[in-house]
Amino acid sequence: MNYTIEGEPLPAVICNLDSNETMITEKGAMSWMSPNMKMETTSNGGIGKMFGRAFSGESMFVNRYTAVGGNGMIAFASSFPGSIRAFNIAPGQEIVAQKSAFLASTEGIEMSVFFQKRLASGLFGGEGFIMQKLTGNGVVFLEFDGYVKEYELAAGQQIIIDTGYLAAMTMTCSIDIQTVPGVKNMLFGGEGMFNTVITGPGRIWLQSMPVAQLAGAISPFIYTGK
(Lines give C-alpha, C1' and ligand atoms only; values in the text may rest on other atoms or scores of the structure.)
Protein backbone atom coordinates (compact mmCIF):
# COMPACT_ATOMS: atom_id res chain seq x y z
CA MET A 1 0.00 0.00 0.00
CA ASN A 2 1.15 3.50 -0.82
CA TYR A 3 -0.72 6.68 0.02
CA THR A 4 -0.87 10.45 -0.26
CA ILE A 5 -2.45 12.91 2.16
CA GLU A 6 -3.91 15.89 0.32
CA GLY A 7 -6.00 18.98 0.86
CA GLU A 8 -5.39 20.45 4.33
CA PRO A 9 -7.24 21.99 6.13
CA LEU A 10 -9.91 19.60 4.81
CA PRO A 11 -7.67 16.62 4.09
CA ALA A 12 -8.19 13.18 2.65
CA VAL A 13 -5.83 10.23 2.56
CA ILE A 14 -5.80 8.38 -0.78
CA CYS A 15 -4.58 4.77 -0.54
CA ASN A 16 -3.45 2.68 -3.51
CA LEU A 17 -3.67 -1.03 -2.70
CA ASP A 18 -2.19 -4.12 -4.25
CA SER A 19 -4.55 -6.96 -5.16
CA ASN A 20 -6.05 -8.62 -2.04
CA GLU A 21 -4.75 -5.87 0.23
CA THR A 22 -7.20 -4.68 2.89
CA MET A 23 -7.93 -1.43 4.72
CA ILE A 24 -9.94 -1.19 7.92
CA THR A 25 -11.99 1.89 8.77
CA GLU A 26 -14.79 3.27 10.86
CA LYS A 27 -18.29 3.35 9.41
CA GLY A 28 -18.89 6.34 7.16
CA ALA A 29 -15.18 7.15 6.70
CA MET A 30 -14.90 5.95 3.08
CA SER A 31 -15.16 8.89 0.68
CA TRP A 32 -14.46 7.38 -2.76
CA MET A 33 -12.98 4.19 -4.15
CA SER A 34 -12.39 2.12 -7.28
CA PRO A 35 -15.16 -0.32 -8.31
CA ASN A 36 -13.16 -3.42 -7.34
CA MET A 37 -13.03 -2.58 -3.63
CA LYS A 38 -15.12 -5.15 -1.74
CA MET A 39 -16.66 -4.03 1.58
CA GLU A 40 -17.36 -6.25 4.58
CA THR A 41 -18.74 -5.04 7.93
CA THR A 42 -17.32 -6.99 10.86
CA SER A 43 -16.71 -6.92 14.61
CA ASN A 44 -13.02 -7.46 13.77
CA GLY A 45 -12.15 -9.53 16.80
CA GLY A 46 -15.27 -10.48 18.74
CA ILE A 47 -17.45 -8.91 21.38
CA GLY A 48 -14.60 -7.88 23.67
CA LYS A 49 -12.97 -5.72 21.01
CA MET A 50 -16.38 -4.37 19.99
CA PHE A 51 -16.97 -2.97 23.47
CA GLY A 52 -13.36 -1.81 23.68
CA ARG A 53 -13.84 0.30 20.56
CA ALA A 54 -17.12 1.67 21.91
CA PHE A 55 -15.46 2.75 25.17
CA SER A 56 -12.63 4.44 23.26
CA GLY A 57 -15.07 6.58 21.29
CA GLU A 58 -15.35 4.52 18.10
CA SER A 59 -18.20 2.46 16.64
CA MET A 60 -18.59 -1.19 17.64
CA PHE A 61 -18.24 -2.44 14.06
CA VAL A 62 -15.61 -1.67 11.42
CA ASN A 63 -15.62 -1.90 7.65
CA ARG A 64 -12.99 -3.93 5.76
CA TYR A 65 -12.26 -2.86 2.18
CA THR A 66 -10.29 -5.33 0.04
CA ALA A 67 -8.95 -4.84 -3.49
CA VAL A 68 -10.37 -7.76 -5.53
CA GLY A 69 -9.02 -8.90 -8.90
CA GLY A 70 -6.28 -6.29 -9.18
CA ASN A 71 -4.95 -3.08 -7.70
CA GLY A 72 -7.48 -0.83 -5.99
CA MET A 73 -7.85 2.71 -4.69
CA ILE A 74 -9.76 4.03 -1.67
CA ALA A 75 -9.87 7.46 -0.01
CA PHE A 76 -10.83 8.50 3.52
CA ALA A 77 -11.67 12.11 4.34
CA SER A 78 -11.35 13.89 7.65
CA SER A 79 -14.59 14.68 9.50
CA PHE A 80 -13.34 18.06 10.79
CA PRO A 81 -10.94 20.77 9.54
CA GLY A 82 -7.48 19.74 10.60
CA SER A 83 -4.83 17.17 9.80
CA ILE A 84 -4.51 13.50 8.94
CA ARG A 85 -1.28 11.91 10.14
CA ALA A 86 0.14 8.49 9.27
CA PHE A 87 1.85 6.43 11.99
CA ASN A 88 3.93 3.28 11.51
CA ILE A 89 2.98 1.03 14.42
CA ALA A 90 5.26 -1.78 15.59
CA PRO A 91 6.43 -3.23 18.92
CA GLY A 92 8.03 -0.33 20.79
CA GLN A 93 6.27 2.22 18.53
CA GLU A 94 2.78 2.15 20.06
CA ILE A 95 0.64 5.28 20.11
CA VAL A 96 -2.00 6.60 22.52
CA ALA A 97 -4.49 8.97 20.86
CA GLN A 98 -7.55 11.01 21.70
CA LYS A 99 -10.96 9.40 21.44
CA SER A 100 -12.35 9.29 17.89
CA ALA A 101 -8.92 9.90 16.32
CA PHE A 102 -8.89 6.64 14.36
CA LEU A 103 -9.68 7.09 10.66
CA ALA A 104 -8.31 3.98 8.89
CA SER A 105 -5.51 1.42 9.02
CA THR A 106 -3.92 -1.52 7.32
CA GLU A 107 -4.50 -5.00 8.69
CA GLY A 108 -2.43 -5.86 11.73
CA ILE A 109 -3.34 -2.78 13.76
CA GLU A 110 -5.00 -3.44 17.11
CA MET A 111 -7.09 -0.69 18.73
CA SER A 112 -7.89 -1.03 22.42
CA VAL A 113 -8.84 1.03 25.44
CA PHE A 114 -6.13 2.99 27.25
CA PHE A 115 -7.13 3.79 30.82
CA GLN A 116 -5.34 6.62 32.55
CA LYS A 117 -3.15 5.21 35.28
CA ARG A 118 -4.46 7.72 37.77
CA LEU A 119 -8.17 8.36 38.20
CA ALA A 120 -7.63 12.10 38.62
CA SER A 121 -5.87 12.27 35.25
CA GLY A 122 -8.90 10.76 33.58
CA LEU A 123 -11.52 12.81 35.37
CA PHE A 124 -9.86 16.21 35.13
CA GLY A 125 -7.11 15.99 32.52
CA GLY A 126 -9.26 17.04 29.58
CA GLU A 127 -8.87 13.84 27.56
CA GLY A 128 -11.39 11.84 29.57
CA PHE A 129 -10.74 8.67 31.51
CA ILE A 130 -10.36 6.64 28.33
CA MET A 131 -8.13 7.12 25.30
CA GLN A 132 -7.22 4.86 22.36
CA LYS A 133 -4.17 2.60 22.34
CA LEU A 134 -2.88 1.52 18.92
CA THR A 135 -0.59 -1.50 18.78
CA GLY A 136 0.41 -4.27 16.36
CA ASN A 137 2.16 -3.94 13.01
CA GLY A 138 1.09 -1.68 10.17
CA VAL A 139 0.10 1.86 9.25
CA VAL A 140 -2.69 3.79 10.95
CA PHE A 141 -4.18 7.12 9.89
CA LEU A 142 -5.37 9.43 12.67
CA GLU A 143 -7.30 12.67 12.30
CA PHE A 144 -6.51 15.64 14.53
CA ASP A 145 -8.30 18.95 15.01
CA GLY A 146 -6.69 22.02 13.46
CA TYR A 147 -2.94 22.54 13.12
CA VAL A 148 -0.67 19.88 14.64
CA LYS A 149 2.53 20.69 16.53
CA GLU A 150 5.00 17.95 17.49
CA TYR A 151 7.40 17.96 20.43
CA GLU A 152 10.11 15.47 21.36
CA LEU A 153 10.40 15.30 25.16
CA ALA A 154 13.59 14.14 26.86
CA ALA A 155 13.47 11.87 29.90
CA GLY A 156 11.84 13.82 32.72
CA GLN A 157 11.02 16.80 30.50
CA GLN A 158 7.47 18.08 30.94
CA ILE A 159 4.96 20.17 29.06
CA ILE A 160 1.71 21.61 30.44
CA ILE A 161 -1.32 21.43 28.16
CA ASP A 162 -4.75 23.01 28.39
CA THR A 163 -7.83 20.83 28.17
CA GLY A 164 -8.26 18.90 24.93
CA TYR A 165 -5.08 19.95 23.15
CA LEU A 166 -3.34 16.58 23.48
CA ALA A 167 -3.93 14.70 20.22
CA ALA A 168 -1.54 11.77 20.65
CA MET A 169 1.61 10.61 22.42
CA THR A 170 3.96 7.67 22.32
CA MET A 171 3.48 5.02 24.98
CA THR A 172 6.75 6.03 26.61
CA CYS A 173 5.20 9.31 27.81
CA SER A 174 3.19 9.55 31.02
CA ILE A 175 0.16 11.74 31.66
CA ASP A 176 -1.01 13.42 34.85
CA ILE A 177 -2.90 16.52 35.96
CA GLN A 178 -2.05 19.49 38.12
CA THR A 179 -4.24 22.08 39.78
CA VAL A 180 -4.06 25.66 38.52
CA PRO A 181 -2.37 27.55 41.38
CA GLY A 182 -4.38 30.17 43.24
CA VAL A 183 -8.12 30.36 43.88
CA LYS A 184 -8.42 33.61 41.91
CA ASN A 185 -6.68 32.02 38.92
CA MET A 186 -9.08 29.06 39.09
CA LEU A 187 -12.23 31.14 39.33
CA PHE A 188 -11.45 34.08 37.07
CA GLY A 189 -8.54 33.05 34.86
CA GLY A 190 -10.76 31.41 32.27
CA GLU A 191 -8.42 28.41 31.95
CA GLY A 192 -10.33 25.99 34.19
CA MET A 193 -9.16 24.33 37.40
CA PHE A 194 -6.78 21.71 35.99
CA ASN A 195 -4.06 21.34 33.39
CA THR A 196 -2.69 18.19 31.77
CA VAL A 197 0.99 17.43 32.35
CA ILE A 198 2.90 15.17 29.94
CA THR A 199 6.29 13.82 31.00
CA GLY A 200 8.88 12.36 28.65
CA PRO A 201 10.69 10.58 27.23
CA GLY A 202 8.71 10.41 24.02
CA ARG A 203 6.95 12.34 21.29
CA ILE A 204 3.66 14.19 21.58
CA TRP A 205 1.30 15.69 19.03
CA LEU A 206 -0.75 18.75 20.03
CA GLN A 207 -3.75 20.11 18.14
CA SER A 208 -4.67 23.78 17.83
CA MET A 209 -8.47 23.50 17.49
CA PRO A 210 -10.06 20.82 19.71
CA VAL A 211 -13.59 20.29 18.44
CA ALA A 212 -15.02 20.70 21.96
CA GLN A 213 -13.34 24.10 22.29
CA LEU A 214 -14.70 25.20 18.94
CA ALA A 215 -18.20 24.05 19.86
CA GLY A 216 -18.06 26.02 23.10
CA ALA A 217 -16.84 29.14 21.30
CA ILE A 218 -19.62 29.19 18.71
CA SER A 219 -22.50 27.91 20.85
CA PRO A 220 -23.53 31.43 22.08
CA PHE A 221 -24.03 32.48 18.44
CA ILE A 222 -26.20 29.53 17.36
CA TYR A 223 -29.86 30.43 17.03
CA THR A 224 -32.03 27.68 18.50
CA GLY A 225 -35.37 29.09 17.35
CA LYS A 226 -36.75 29.36 20.88
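**Reading Asn-16, the cysteines and a pocket**

Asn-16 sits in strand S2 (residues 12-17); strands are DSSP runs of E, at least two residues, numbered from the N terminus. This is a predicted model, with local features needing pLDDT of at least 70, side-chain atom pairs counting only at pLDDT 80 or more, and totals for chains, interfaces and linings using all residues. Residues are numbered from 1 along each chain as its sequence is written, and side-chain values use heavy atoms, leaving out hydrogens and water.

User: Is Asn-16 buried, partly exposed or exposed?

Analyst: Buried means under 20% relative accessible area, exposed over 50%, partly exposed in between (1.4 Å probe, protein chains only). Asn-16 has 33%, so it is partly exposed.

User: Which residues is Asn-16 in contact with, leaving aside neighbours within four places in sequence?

Analyst: Contact means heavy atoms within 4.5 Å. Asn-16 touches Met-1, Asn-2, Gly-72 and Met-73 by that rule.

User: How many disulfides does the rule count?

Analyst: A disulfide is a covalent bond between the sulfur atoms of two cysteines. Here the test is a pair of cysteine sulfur atoms within 2.5 Å. The count is 0. Cys-15 is buried at 0% relative accessible area, and Cys-173 is buried at 6%.

User: What lines the second largest pocket?

Analyst: Rolling a probe the size of a water molecule over the atoms shows where empty space is left. A pocket is an open set of points on a 1 Å grid over the protein atoms alone, where a 1.4 Å probe fits, with protein on both sides within 12 Å along at least five of seven lines; lining residues have an atom within 4 Å of a point. This one has 13 lining residues, with Phe-87, Asn-88, Gln-93, Ile-95 and Trp-205 nearest its centre. Strand S8 (residues 82-89) gives the most, 3 residues.

Technical notes:
Helix = DSSP H or I, 4+ residues; strand = E, 2+ residues; numbered from the N terminus.
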